[in-house]
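User: Could you walk me through the side-chain contacts in this model? I would like to begin with the charged pairs and then move on to the rings.

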Amino acid sequence: MMIIGISRHKPSFHLLGAVFSLSFPSSKWVSSSSSQPHLDHHAHLQFFLDNEKNTKKQKPNYEFSLVSAFKSCSAYSCITQGQQLHSLVLKSGLESNIFILNSLITFYVKCGLVSNAKKIFDSCTRLDAVSYNIMLCGYVKFGFLNEASELFDKMTERNCVSYTTMIMGLVQKGFQSEAICVFRDMRYFGVGPNEVTMVNVISAYLHCGGINVDKMLHGSVLKIGLIDFVHVSTNLLHLYCLSGCLKDASILFNEMPEKNVVSWNVMLNGYTKAGLVDLGKEVFEQIVDKDVVSWGTIIDGYLQAARLNDAVKIYSKMLYTGLHPNDVMILDFLSTCEQVMSNFEGRQFHGVAVKMGFDLLDFIQATIIHFYSACGEVDLACLQFEVGNKDHVASWNALIAGFVRNRKIDQARHLFDQMPARDVFSWSSMISGYSQSEQPDLALELFHEMLAGGVKPSEITMLSVVSSIASLGTLKEGRWAHDYICKNSIPLNDNLSAALIDMYAKCASVNDALEVFNQIREKAVDVSPWNAIICGLAMHGHGHLSLNIFSDLLRQNIKPNSITFIGVLSACCHAGLVEAGEQLFQSMTKLYNVKPNLKHYGCMVDLFGRAGRLREAEELIRSMPMEADIIIWGTLLAACRTHGNTEIGEKAAENLARVEPSHGPSRVLLSNIYADAGKWDDAFLIRQAMRSQGLTESTAYSGVVC
């Protein structure tokens, strides 16, 4: 085989020079410091052939030189020169030398010529564990995971390198569960992992949501003696934080002999994601070399906690260090300004976005529109839409949602009709707008138009659809919608489940409501489905069953909220359970930290009123921390009529007239109270006053629920 001439490249000159000079010190190969070395390759080959009988004596030195040269060719990616060395190996008959062979395979792998490496690997009859590991590493490095798996399965001798390489390849490609299985096999066969193994294994558990394995892995790391490796302990720290075990994470963090900025950031992120932003701030202050991740994490923590002022202060300090925000940080600031409706700060960050060119990004533009809409600045939202890029459907959706939010449903529909293209969010926003504006017929009409257009609804769409059906009380339509959700595999999240339960309850189908609830009760993580069934049962007079389900709720790891207590207090009203209602009302603040509002007080007034305990009802109203409205005074007045209490009824009527002077029904009730008590003159005076003020009774009507 003829050797191709070597290009005039300094690294190649030194590489081949090292081989020839170390192997044959007396050869005619002369190195030169000039940029154009003079190489007599044929002379060298002739020397090699002439001295072939002496190769046994020179072999150790020659072998070392070739291995070193291949290593250098790999480091400098000198493919041509490496191929020349390959030719030399073949010419010299050294392809059976396992050390040179492995160096040759390594050279091709590191230069990305995996197919060349595979040809050599497949053609060799003499291979060792190192050969397999080199080839395995090559497959993994360049993403040939199927080939890597096949080779791994064929290996009769697997060591730590083999397992670690395979685990690393699986983790990098997102096959976390498979990587964990390989690790378990590794431990089963008694192969000890190293720090690289554990970093990748912990990473696999991280992406799999490794709950309840953090302490097991921690124990393994301690037993193996790898806890002092900062990358291992940092990944373990991340796993603790992900599992919500912040106490264990804090202990590990404090015991770490070495911490890098990633370790600090992981601990900081753990606290902020858990809402413990003040503890996160303590960690942040201790970081010596804060990077952009450190600043971004603490700022995001404050923003997630809606502590905008604190976030702005940290942001100002970050700017002082010379760091600048990225698009994600500006997006988070604008989103928080939208949530807390902070007009001034939002405009400032809008200016920052314009200055840095972020406003050209579609998601930033949409967020700016959302911000102005949330602050009631619909004109500015429209202006942003007009000056922005109209090719982004997200901007159209943002403005439609803004119109809906500000009860400008006609403008929303006009914009919706102008859209060049619509996605599921466009349809959902418009359907939700009609549902919220008490136009359920139009919401359902648009929904069927959406289906006819071939757009598949999401769970958000169906939430509005089911709510609209609940408003109409059409059970047949409700069952069709429920069936559509099931047949089209639309995710039945807690909110949609609650909407279905509420819909069936409002359509007077309590059994269907219970059936839906029983199907999802074990999977529910939010209180909303529980609230729906508790309130639905209470509404239909099933007070005891409603309270039984409330008792089941308390045994779950779900905290009741204000709506829950409206439901159970209403249930107590319908069941006449005054003492139980009193206990529940007192437990709201004491046990569950739920502050009573007007509706809760209204339920208690109704509860006392139905039981004839009008004096207690009046005292409760007087003790309220807020002003009683017409509903509460009206409830007390109605109870006074039921129980014939003229004294308290007069007081209730006076207060009701003070709150709402033109409220006719209250005058009628008071007149009836006087009539029931035989005070006909007082009743006549009330009726006469009503006529003089132009007050009339509302006309009653009836309806049929399908």
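**Charged pairs and rings**

Analyst: The count comes to 23 salt bridges, where a salt bridge is a side-chain nitrogen of Lys or Arg within 4 Å of a carboxyl oxygen of Asp or Glu. This is a predicted model, in which local features need pLDDT of at least 70 and side-chain atom pairs count only at pLDDT 80 or more, while totals for chains, interfaces and linings use all residues. Residues are numbered from 1 along each chain as its sequence is written, and side-chain values use heavy atoms, with hydrogens and water left out.

User: Which residue forms a salt bridge with Arg479?

Analyst: Arg479 pairs with Asp512, and their closest N and O atoms are 2.6 Å apart. The pair links distant parts of the chain, with Arg479 in helix α28 (residues 475-487) and Asp512 in helix α30 (residues 510-520), 33 residues apart; helices here are DSSP runs of H or I with at least four residues, numbered from the N terminus.

User: Is Asp512 buried or partly exposed?

Analyst: Asp512 is buried, at 16% relative accessibility, whereas Arg479 is partly exposed at 42%. Buried means under 20% relative accessible area, exposed over 50% and partly exposed in between, with a 1.4 Å probe and protein chains only.

User: And where do Asp417 and Arg413 lie?

Analyst: Both are in helix α24 (residues 409-418), four residues apart, which is about one turn of the helix. Their salt bridge has its closest N and O atoms 3.1 Å apart, and Asp417 is partly exposed at 45%, as is Arg413 at 23%.

User: Switching to rings, how many aromatic pairs are there?

Analyst: There are 19 aromatic pairs, counted when ring centres of Phe, Tyr and Trp (its six-membered ring) lie within 6.5 Å, with planes under 30 degrees apart called stacked, over 60 edge-to-face and the rest tilted. One of them is the edge-to-face pair of Tyr315 and Phe349, at 5.2 Å centre to centre and 65° between the planes.

User: Why does that pair tie together separate parts?

Analyst: Tyr315 lies in helix α18 (residues 308-320) and Phe349 in helix α20 (residues 343-355), so the contact joins parts that are 34 residues apart in sequence. Tyr315 is buried, with a relative accessible area of 8%, and Phe349 is buried at 5%. Ring pairs also link Tyr315, Phe333 and Phe349 into a cluster.

Definitions and conventions
Helix = DSSP H or I, 4+ residues; strand = E, 2+ residues; numbered from the N terminus.
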